[in-house]
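Here is a short, friendly tour of one protein model. Please keep the sequence and the 3D view at hand while you read.

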Amino acid sequence: MDHRLNPEHEELRRTVEAFAHDVIAPKIGDFYERHEFPYEIVREMGQMGLFGLPFPEEYGGMGGDYLALGIALEELARVDSSVAITLEAGVSLGAMPIFRFGTEEQKREWLPRMCSGEVLGAFGLTEPECGSDAGGTRTTAVLDGDEWVINGSKCFITNSGTDITGLVTVTAVTGRKDDGRPRISSIIVPSGTPGFTVAAPYSKVGWNASDTRELSFSDVRVPAANLVGEEGRGYAQFLRILDEGRVAISALATGLAQGCVDESLSYAKTRKAFGRPIGDNQAIQFKLADMEMKAHTARLAWRDAASRLVAGDPFKKEAALAKLYSSTVAVDNAREATQIHGGYGFMNEYPVARMWRDSKILEIGEGTSEVQRMLIAREMGLSA
Ligand SMILES: Cc1cc2nc3c(=O)[nH]c(=O)nc-3n(C[C@H](O)[C@H](O)[C@H](O)COP(=O)(O)OP(=O)(O)OC[C@H]3O[C@@H](n4cnc5c(N)ncnc54)[C@H](O)[C@@H]3O)c2cc1C
């Protein structure tokens, strides 16, 4: 399998690389320090078409594919992960459920504005009592006439409380199967619906220029037509959405791992100790060689999973392998980048400090590393 980019993808990569370098890099540190959502940067990303990358033109998209999305995410995360996760969650968690499972009316209503970046969507799966065990959803939705009445809460939801957030698709129990297991469905809740409360942003270790909130639903009424796909199919839907999301997160993690190499390589060439650049020491060279090896291998892993996805082939195991590997090496590279920078690596004004803080969540979000190992083992034929 050839994982080199075709001319179209390479042009996209260069465009996003230049944008990240020229527009994001000079500004993002201030947003991060202020824990502020970077509206102006997100607006420009929307104008570039990044939020519409994998969607057809008829819905306002760019007519690209998941490989294109991954390329953009990797280039953004080489410079900053907050903007990268805003794009990742906006596309693969916000818009994708509507594109994959929504009605034609839902697609026409939401996708054009989401593709342009004018409106952000969120995906509310995780709850205070259940994250990895997502089937343990406690939020309920009861059909009352032609409305769903939703009660419950969600936590850690990305993009759920910005000024441009238009909706959150929530998973909720809508009934019980004959064996007593819950029937889970996905339902669109537009921002501002009475009874839908969005808490203040969390104070986080990293991703400080991205928006993450707790949500609560108290007798929230939305039209029955806001159901996404069939009633009771929500569990299968979010498994698919998370499989795809892992490919995207893996591309993002690869970008962070590569960004650590970029920053450390230039620092190692200029920082002097004992009268010569620290990069002249084999100990530093070996760290950099290992970091480059890990970023390169992570790239092959996510591109392999993305190619399978795009080709319509099974990709569940490859997505889990890519997510597990790339998040592990992102944490490794962030740790080594900080080490190479010495005391300066512990100063927030240095990009590697931000990368270090942003790396850990990659082993947690969209399925922890333990969950990825469970998925891989299951795909290898081992029973749970
Ligand atoms: C910044 C941020 C953004 C997020 N964005 C979103 C979002 O947009 N939408 C959304 O729905 N969620 C989001 N999440 C939630 C995220 O996906 C969950 O935090 C994650 O899936 C883990 O769930 P949990 O936190 O409940 O941990 P738990 O499930 O409680 O797990 C705790 C620990 O136990 C381990 N564990 C659990 N079960 C097993 C097992 N069977 N075997 C071995 N180990 C196990 C886990 O791996 C983990 O190490 C976000 C989280 C963060 C921090």
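The report below covers a helix, some paired strands, the nonpolar cores and one buried threonine.

**A kinked helix**

Please bear in mind that this is a predicted model. A good place to begin is helix H4, which covers residues 81–101 and so counts 21 residues by the DSSP runs. From its first C-alpha to its last, H4 reaches 28 Å, close to the 30 Å expected at 1.5 Å a residue. Look for the bend at Ala-95, where H4 has a kink of about 45°. The proline Pro-97 follows shortly after that kink. At the N-terminal end, H4 is capped by Asp-80, with a side-chain oxygen 3.0 Å from the backbone nitrogen of Ser-82. Most of H4 is covered, with 19 of its 21 residues buried.

**Paired strands**

Strand E3 (residues 147–158) pairs with strand E2 and with strand E7. The table sets out both pairings.

| Pair | Partner of E3 | Sense | Bridges |
|---|---|---|---|
| E2 and E3 | E2, residues 140–144 | antiparallel | 5 bridges |
| E3 and E7 | E7, residues 212–223 | antiparallel | 9 bridges |

To find the register in the model, start with Thr-140, which stands opposite Asn-151 in E3. On the other pairing, Lys-154 faces Leu-215 in E7. E2 and E3 form a hairpin with 2 residues between the strands, and Gly-145 has a positive phi there, near 65°.

**Nonpolar cores**

Which residues touch the most other members of the largest nonpolar core? They are Ile-24, Met-45, Leu-76, Leu-87 and Val-247, in a core of 91 residues. Helix H6 (residues 234–270) gives the most to this core, contributing 15 residues. Another core lies apart from it and has 16 residues, including Trp-148, Val-168, Ile-187 and Val-220.

Val-247 deserves a closer look. Beyond its neighbours within four places in sequence, Val-247 is in contact with Tyr-66, Trp-302, Ala-305, Ala-306, Leu-309, Phe-315 and Ala-319.

**A buried threonine**

Finally, turn to Thr-171 in strand E4, which spans residues 165–176. Is Thr-171 buried or exposed? Thr-171 counts as buried because its relative accessible area is 0%, and the cut-off for buried is under 20%. Leaving out residues up to four places away in sequence, Thr-171 touches Gly-124, Leu-125, Glu-127, Thr-137, Thr-139, Lys-154, Ile-184, Ser-185, Ser-186 and Phe-238. One of these, Lys-154, is the residue that stands opposite Leu-215 in E7.

Definitions and conventions
Residues numbered from 1 in each chain as written. Predicted model: local features only at pLDDT ≥ 70, side-chain atom pairs only at ≥ 80, totals over all residues. Heavy atoms only, no water. Helix = DSSP H or I, 4+ residues; strand = E, 2+ residues; numbered from the N terminus. Expected span 1.5 Å × (residues − 1). Bend = angle between axes of the 7 residues up to and from the residue. Buried < 20%, exposed > 50% of the residue type's maximum accessible area, 1.4 Å probe, protein only. Polar contact = N/O pair within 3.5 Å; in protein donor to acceptor, adjacent residues only side chain to side chain. Pairing = 2+ DSSP bridges. Core = buried A, V, L, I, M, F, W, Y, C linked by side-chain atoms within 4.5 Å. Contact = heavy atoms within 4.5 Å.
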